[in-house]
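Trainee: I should like to study this structure step by step. May I put some questions to you about it?

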Amino acid sequence: ALAIAHAVRRTVVYGTEISSAALQAARLNRSRLRIRNVRFARGSLLSALPRRLHGGVSVIVANVPYLPPDRREEARAFPDGTAVGTESDGLGLVRQLLRNARTFLRPGGSLALQVADFQWPSLTIEAVKLGYTAPKTARSDAEGPVVGRLVWPE
């Protein structure tokens, strides 16, 4: 949220975080960096966002835990609790985000998220069933994560 708010100064950016410690660190960094166009709220995914944002958000960017539980070895490179997702394929939180983002995105708005390259094909099928269009990866390598973009129809 801080990087986006710094890069796009003429907009208001909202950041949500379930961890109190991470939220406190983000607020300290906001103050230290003198970034004034970002608001933080404690909550899971989009649950902490104000209702007035329903149907008016241009872009939602998320980096939620997505690795399947059987890939815990890969998750060692990340802080505890930040890489391994829920459900057998790791995409439980990502699916929740896909469902809930539809309420917030304006027509033509985008959802950008990170998942493992091997998860993207099945995730896009689910996203299209939910009404998203134009699934596209922004970056990919065979072994690493992919940053994907989904569009809410106009």
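Mentor: Let us begin with a pair of charged side chains in this predicted model. Side chains of opposite charge can pair when their charged atoms come close. Glu87 and Arg95 meet through their side chains in a salt bridge, with an N to O distance of 2.8 Å.

Trainee: Is Arg95 buried or exposed?

Mentor: A residue is called buried when its relative accessible area is under 20%. Arg95 has a relative accessibility of 15%, so this residue counts as buried.

Trainee: Which residues are joined with Arg95 into one network by salt bridges?

Mentor: The structure holds three salt bridges. Besides the pair with Glu87, the side chain of Arg95 meets that of Asp89 at 2.4 Å, N to O. The side chain of Glu126 also meets Arg95, at 2.6 Å, and this pair links helix H5 to helix H4 across 31 residues. Through shared partners, the residues joined with Arg95 are Glu87, Asp89 and Glu126.

Trainee: How many residues does the largest nonpolar core have?

Mentor: In soluble globular proteins, nonpolar side chains tend to be buried together. Here Leu111, Leu113, Val115 and Tyr132 have the most contacts inside the largest nonpolar core. Among the elements that give two or more residues to this core are helix H4, strand S4 and helix H5. The number of residues in the largest core is 30.

Trainee: Which residue in helix H5 or just at its start, Trp120 or Leu123 among them, does Leu113 touch?

Mentor: Helix H5 covers residues 120–129. Leu113 touches several residues, including Val94, Leu97 and Val146. From helix H5, the contacts of Leu113 include Trp120 and Leu123.

Trainee: What is the relative accessible area of Leu45?

Mentor: Leu45 lies in the loop between S2 and S3, and has a positive phi of about 50° although it is not a glycine. Leu45 is nevertheless buried, because its relative accessible area is under 20%. The value is 15%.

Trainee: Where does Arg34 lie?

Mentor: Arg34 also has a positive phi, of about 60°, and is not a glycine. Arg34 is exposed, with a relative accessible area of 62%. Its place is the loop between helix H2 and S2.

Trainee: In which element of the chain is confidence lowest?

Mentor: The chain averages a pLDDT of 90. Strand S2 has the highest confidence, at 97. Where pLDDT is low, the predicted coordinates should not be read in detail. The lowest mean, 78, belongs to helix H3.

Notes:
Residues numbered from 1 in each chain as written. Predicted model: local features only at pLDDT ≥ 70, side-chain atom pairs only at ≥ 80, totals over all residues. Heavy atoms only, no water. pLDDT = per-residue confidence, 0-100. Helix = DSSP H or I, 4+ residues; strand = E, 2+ residues; numbered from the N terminus. Core = buried A, V, L, I, M, F, W, Y, C linked by side-chain atoms within 4.5 Å. Buried < 20%, exposed > 50% of the residue type's maximum accessible area, 1.4 Å probe, protein only. Contact = heavy atoms within 4.5 Å. Salt bridge = Lys/Arg side-chain N within 4 Å of Asp/Glu carboxyl O. Lists of a residue's contacts leave out its neighbours within four places in sequence.
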